[in-house]
Amino acid sequence: MSDSCFLQALGQRRSVPSLQLGEPAPDEATLLRMLSAAVRVPDHGKLVPFRFLRLQGEARHALGEYLARRSRERTPDASPAVVEKDRQRFSHAPLILTVIARLQDNPKVPEQEQLLTAGCVCFALLQAAQGFGFGAQWLTAWMAYDDGVARHLGLTGNERIVGFIHIGTPKLQVPERERPDPAGLLEDWRP
Ligand SMILES: Cc1cc2nc3c(=O)[nH]c(=O)nc-3n(C[C@H](O)[C@H](O)[C@H](O)COP(=O)(O)O)c2cc1C
């Protein structure tokens with residue numbers, strides 16, 4: 001990829017809402033190439049403070065059934081529409097990669113940096129998915145922060161869900177949305 005293609009890709013990155021993601025998902029070889037891109041993140045101390053948990057096929061629907069139960073447990077007066085939304089959350093995109101931060105005690109690398117590295121992995125996955133012609137969206141919602149969900153997915157005590165990266169083939173071209181004006185965010189520090 002020439003520099004200009006690379007810069008063009010950076011300038012065109014956008015998410016595709018999970019509801020608009022359908023089959024096919026990346027095949028195994030493509031997925032591994034996407035993961036190779038995603039693991040090339042800045043990583044202080046080379047701790048590799050992340051791992052991936054793949055959700056695909058029937059496992060997505062089984063997780064949806066659990067989420068519906070958990071949703072009712074958390075909010076007994078949740079409306080049927082809310083519970084149904086939770087049941088369906090993982091049923092749209094054909095592939096969801098759960099990016100899990102593995103937090104380690106390290107005198108030089110605080111937890112925040114390890115979480116940031118795992119966040120970079122999420123962003124790199126979005127870029128890689130788009131680069132391979134797929135669409136992707138980084139979602140969290142309550143299920144990323146719920147202890148019951150974490151246990152259900154087999155996380156250990158030092159692990160955190162940083163994002164569910166929904167990946168598939170876009171069903172439509174997503175319109176551009178307004179972006180911040182970078183010049184307005186830039187200041188010079190003056191002593
Ligand atoms: C950590 C994180 C969590 C997010 N969780 C959600 C979410 O639960 N629901 C949602 O609609 N968007 C969520 N988003 C926003 C989408 O990933 C995405 O940024 C948004 O759809 C706008 O698209 P864009 O990436 O093209 O700007 C989240 C973003 C981040 C960084």
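W138 offers a polar backbone atom just 2.6 Å from an oxygen atom of the ligand, a polar contact in the sense of a pair of N or O atoms within 3.5 Å. Keep in mind that this is a predicted model, where local features need pLDDT of at least 70, side-chain atom pairs count only at pLDDT 80 or more, and totals for chains, interfaces and linings use all residues. Residues are numbered from 1 along each chain as its sequence is written, and side-chain values use heavy atoms, with hydrogens and water left out.

Here are the polar contacts side by side:

| Residue | Protein atom | Ligand atom | Distance |
|---|---|---|---|
| W138 | polar backbone atom | oxygen | 2.6 Å |
| T140 | polar side-chain atom | nitrogen | 3.0 Å |
| R177 | polar side-chain atom | oxygen | 2.6 Å |

On its own the ligand has 630 Å² of accessible area, and the protein covers 59% of that (Shrake-Rupley method, 1.4 Å probe). Around the ligand (a heavy atom within 4 Å) sit R13, R14, S15, Q137, W138, L139, T140, A141, R177 and R179. Sorted by class, that shell has four charged, three polar and three nonpolar residues.

Now the cysteines. Searching the whole structure turns up zero disulfides, meaning pairs of cysteine sulfur atoms within 2.5 Å. For C120, the nearest cysteine sulfur belongs to C122, 9.1 Å away. C120 is partly exposed at 32% relative accessible area, whereas C122 is buried at 0% (buried is under 20%, exposed over 50%, partly exposed in between, with a 1.4 Å probe and protein chains only).

Methods. Polar contact = N/O pair within 3.5 Å; in protein donor to acceptor, adjacent residues only side chain to side chain. Nonpolar A, V, L, I, M, F, W, Y, C, P; charged D, E, K, R; others polar.
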